[in-house]
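Open the model in a viewer and keep the selection tool at hand. The stops below are in a suggested order.

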Amino acid sequence: MSGFGPGDPFLADCPGRLAVELIADKWTVVVLYGLSRGPVRHGELAELIGDISRKMLTQTLRRLEAHGLVSRHAYAEVPPRVEYELTPLGATLIEPIHMLTEWAREHGDAVLDALDAGAEPSARADRGPRRDT
């Protein structure tokens, strides 16, 4: 017996699984953190994040907006101005994101060492250069 039963937070229809699926996206956590210091325009956010296409940023922002984590404010100005910011619900994710960041700082080298110890040479090359934080 697995010990899992109805109501387990990570089974198919449970809120825990929805949360994990939402933040497991490559860009979600980065975008949320990028919005953590207040409203930001699309171009500023893309520049802050780096390595994200404008199309992917737009898709990520729309998804986060649909889930109630980000709000979009369009101002009636010429030229048009649009800003994005965290909703109160989105802001509740910043502390868990910070905790994951601290975990990564503390344990990142151990994870990379484990990958290096067990990876095929081609797998190590696919990971790119090691970054020191």
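Colour by secondary structure: this predicted model shows seven helices and three strands. Traced along the sequence, the elements run α-α-β-α-α-β-β-α-α-α. Of the 133 residues in the protein, 24% count as buried. Among contacts with a separation of 6 or more, 42% are between residues 24 or more positions apart. Switch on the surface, and about 9,500 Å² is exposed, with carbon and sulfur atoms supplying 58% of that area.

**Stop 1: Arg 63 and Asp 25**

How many salt bridges are there to look for? The count comes to four. Begin with Arg 63 and Asp 25, whose side chains form a salt bridge with an N to O distance of 3.7 Å. This pair links distant parts of the chain, 38 residues apart. Arg 63 belongs to helix H4 (residues 54–66), while Asp 25 sits in the loop between helix H1 (15–23) and H2. Both ends are partly exposed: the relative accessible area is 27% for Arg 63 and 26% for Asp 25.

**Stop 2: Glu 77, Arg 81 and Glu 83**

Select these three residues together, since salt bridges link Glu 77, Arg 81 and Glu 83 in a network. Within the network, the side chains of Arg 81 and Glu 77 meet at 3.0 Å, N to O. Is Arg 81 buried or exposed? At 21% relative accessibility, Arg 81 counts as partly exposed, because the buried class takes in values under 20%. Glu 77 is also partly exposed, with a relative accessible area of 36%.

**Stop 3: Val 78 and Pro 79**

Next, display the backbone at Val 78 and Pro 79. A cis peptide bond joins these two residues, with omega at about -5 degrees. Pro 79 is in the loop between strand S2 (70–75) and strand S3 (81–86). As background, most peptide bonds are trans.

**Stop 4: Asp 51**

Go to the loop between H3 and H4, where Asp 51 is placed. Its backbone has a positive phi of about 55 degrees, although Asp 51 is not a glycine. In general, most residues other than glycine have a negative phi. Asp 51 is exposed, with a relative accessible area of 75%.

**Stop 5: the second largest pocket**

Which residues line the second largest pocket? Select Val 29, Val 30, Tyr 33, Gly 34, Ser 36, Arg 37, Leu 48, Ile 49, Ile 97, His 98, Thr 101 and Arg 105. Helix H2 (28–34), helix H3 (42–49) and helix H6 (94–118) are the elements that each give two or more residues to this lining. By class, the lining has six nonpolar, four polar and two charged residues. The volume of the second largest pocket is about 350 Å³.

**Stop 6: Arg 105 and Glu 102**

Keep Arg 105 from the pocket lining selected and add Glu 102. Their side chains meet in a salt bridge at 2.7 Å, N to O. Both residues lie in helix H6, three residues apart, which is about one turn of the helix. Arg 105 counts as exposed at 53% relative accessibility, whereas Glu 102 is partly exposed with a relative accessible area of 33%. Arg 105 thus has a place both in the lining of the second largest pocket and in a salt bridge with Glu 102.

Note on methods: Residues are numbered from 1 along each chain as its sequence is written. This is a predicted model: local features need pLDDT of at least 70, side-chain atom pairs count only at pLDDT 80 or more; totals for chains, interfaces and linings use all residues. Side-chain values use heavy atoms; hydrogens and water are left out. On a 1 Å grid over the protein atoms alone, a cavity is a set of points where a 1.4 Å probe fits but cannot get out, and a pocket is an open set with protein on both sides within 12 Å along at least five of seven lines; lining residues have an atom within 4 Å of a point. Grid points are joined across faces, edges and corners, and a volume is the space filled by probe spheres set on the points. Helices (H or I, at least four residues) and strands (E, at least two) are DSSP runs, numbered from the N terminus. Ala, Val, Leu, Ile, Met, Phe, Trp, Tyr, Cys and Pro count as nonpolar, Asp, Glu, Lys and Arg as charged, and the others, Gly among them, as polar. Buried means under 20% relative accessible area, exposed over 50%, partly exposed in between (1.4 Å probe, protein chains only). Contact means heavy atoms within 4.5 Å. Accessible areas come from the Shrake-Rupley method with a 1.4 Å probe; for residues, only the protein chains shown count as cover.
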